[in-house]
Amino acid sequence: MAEIQKGKSPFYPGQPVPGELFVGRASQIERIMTRGVGQVAAGKPVAIFIQGEYGIGKSSIAGFVQWMAEREHGLLGLYAPLGGAATLDDVAAAILKATVQAGAYNPNISEKIRGFLGKYIGEQSFFGVRIHAEALKKDAPTLASPADLLPFFRETLGRTKDAGIKGIFLVLDEINGITANAQFAHFIKGLVDTNAMSKEPVPLLLMLCGVEDRRYEMIQKHQPIDRIFDVLQIEAMSQAEMEEFFSKAFESVQMKIDNEAMKFLTHYSAGFPKIMHLLGDAAYWIDKNGTVDTDDAQSAILISAEEVGKKYVDQQVFNALRSAEYRSILAKIAKMGPVNMNFIKNDVAKGLTEPEKKKFNNFLQKMKRLNVIRSGDIQGEYIFNIRMVRFYIWLQASKLESGKSGMETA
Ligand SMILES: Nc1ncnc2c1ncn2[C@@H]1O[C@H](COP(=O)(O)OP(=O)(O)OP(=O)(O)O)[C@@H](O)[C@H]1O
Ligand SMILES: [Mg+2]
């Protein structure tokens, strides 16, 4: 068959998924829309914490509901990633920047924003809003407290009211770096309380996205923060959600996927959206005839194992995990599947050969030293520290397996 031309891959391993390829999460979306967006559109402020492990889809769901809230409910979406933020001034700068960039989907709104925040826009660029970084940085500190930020939001609402805006949907994403700063927890709590107590609260949907540990860290810095959030846990995807994703993604580029290949890709993704995109992308490029079949899927898994290893596993760990000495032990741990982040020493030992058993203690010590695993609460329990390392071990083992007897699916 003639080789088909490849267009744009529908997979986004490193980015939040675009709206048209977003799948699943129906119950969480429903809850955000009714208890969050609906309430805010009716005038009542709400705070939500989107919680889940790395790469599980927090930013994607935040982006998706923000998109719906903007188009269907008149909320102005502000998306402020706090990746580089260490101080409240940095947080304020991110929020100001997000406001300058808001409403881009609607010329009516962006015109109003421009009229009011024009001084933060640099020379017009063909590619959209270019930020005047110095001006922004200089003024941001004047917004770095709840008492200053709320009037700014009120002003923003006043300016955009005629364009149909009824409330603000502020997403604070990538909060890892900032939660160590106790001022941040106080700022968030202050923002919610000051707003609630004001005569006319700003209809504000405040959404934070982060791993559970970061929420606990905030609580540790300022206990009352525990009470302000509606916490929404994002879990691994179901089989049906994964299947919908792969079908939709391949369909969007006029490709098909056969049943057996679907079983492979979903089995090895194990509900983790990031892995779905990695495997899907590999299969997309491997396929030559427009139908992803078992061979394509198997090759995709092998290639992705390498990629996960190179991209997400620390070099020292990577070398240790590949050493011939530990491979067979790792393969046996891998068999327990990528979802379980823990294992019991004795359970693994039961399946080991005598020579492997002799190496097992050294292996565990070494993995602990490299921070791959830590001891759990139960006697003999070990817990993987990083999901992607766990995944690497799983994919890597399937590679060994395929060398011997062909891979297994669920
Ligand atoms: N509902 C979804 N449908 C399809 N793909 C998704 C979905 N949710 C997430 N993804 C994909 O999964 C990967 C991780 O998603 P995302 O970046 O949203 O996760 P995250 O939890 O915010 O990660 P991090 O902890 O790194 O910030 C991305 O490749 C994204 O495109
Ligand atoms: Mg994210």
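# A walk through a two-domain model

Let's start with a small open sheet of three strands, ordered S8-S10-S9 and paired antiparallel; two strands count as paired if DSSP finds at least two bridges between them. The strand and helix labels are DSSP runs numbered from the N terminus, with helices being H or I stretches of at least four residues and strands being E stretches of at least two. Strand S8 (342-344) and strand S9 (373-375) sit at the edges with a single partner strand each, so one side of each has no neighbour in the sheet. From one strand to the next, the twist averages 30 degrees (axes are lines fitted to C-alpha atoms, for helices over the stretch in contact, and angles between N-to-C directions run from 0 to 180 degrees). S9 pairs with strand S10 (residues 381-384) in the antiparallel sense, over three bridges. If you want a residue pair to click on, take serine 375, whose bridge partner in S10 is tyrosine 382.

A word on what you're looking at: this is a predicted model, where local features need pLDDT of at least 70 and side-chain atom pairs count only at pLDDT 80 or more, while totals for chains, interfaces and linings use all residues. Residues are numbered from 1 along each chain as its sequence is written, and chains are lettered from A and ligands numbered from 1 in the order in which they are written.

Now the overall layout. The domain assignment, which is automatic or taken from a database, gives domain 1 (25-233) and domain 2 (239-404). Their centres, taken over C-alpha atoms, are 36 Å apart. Five residues from domain 1 and four residues from domain 2 make the contact, where contact means C-beta atoms, placed from the backbone, within 7 Å. On the domain 1 side, those residues split into two nonpolar, two polar and one charged. For these classes, Ala, Val, Leu, Ile, Met, Phe, Trp, Tyr, Cys and Pro are nonpolar, Asp, Glu, Lys and Arg are charged, and the others, Gly among them, are polar.

So where does ligand 1 sit? Both domain 1 and domain 2 give residues to its shell, so ligand 1 lies between them. The ligand is surrounded by 22 residues, the closest being Val17, Gly57, Ser59, Ser60 and Pro273; a residue is near a molecule if its C-beta atom, placed from the backbone, lies within 6 Å of it. Helix H2 (58-73) and helix H11 (273-286) are the elements that give two or more residues to the ligand 1 shell. By class, the shell has eleven nonpolar, eight polar and three charged residues.

Next, strand S1 (residues 46-51), where six of six residues are buried, meaning that 20 or more other C-beta atoms lie within 10 Å of a residue's own (exposed is 12 or fewer, partly exposed is in between, and C-beta atoms are placed from the backbone). Val46, Ile48 and Ile50 are buried on one side of S1, and Ala47, Phe49 and Gln51 are buried on the other. S1 pairs in parallel with strand S4 (residues 204-210) over six bridges, and isoleucine 50 has cysteine 209 in S4 as its bridge partner. Strand S5 (residues 230-233) also runs parallel to S1, joined by four bridges, with isoleucine 48 opposite aspartate 230 in S5.

Strand S2 (residues 75-81) has six of its seven residues buried, so the rest of the structure largely encloses it. S2 and strand S3 (residues 167-173) pair in parallel over seven bridges, and tyrosine 79 stands opposite valine 171 in S3.

Finally, a few spots for anyone who likes a Ramachandran plot. Glutamine 254 isn't a glycine, yet has a positive phi of about 55 degrees. This glutamine is in the loop between helix H9 (239-251) and strand S6 (256-257), and glutamine 254 is exposed, with 9 other C-beta atoms within 10 Å. Alanine 270 also has a positive phi, of about 50 degrees, without being a glycine. Alanine 270 sits in the loop between helix H10 (259-269) and H11, and counts as partly exposed with 18 C-beta neighbours inside 10 Å.

Conventions. Two residues are in contact if their C-beta atoms, placed from the backbone, lie within 7 Å.
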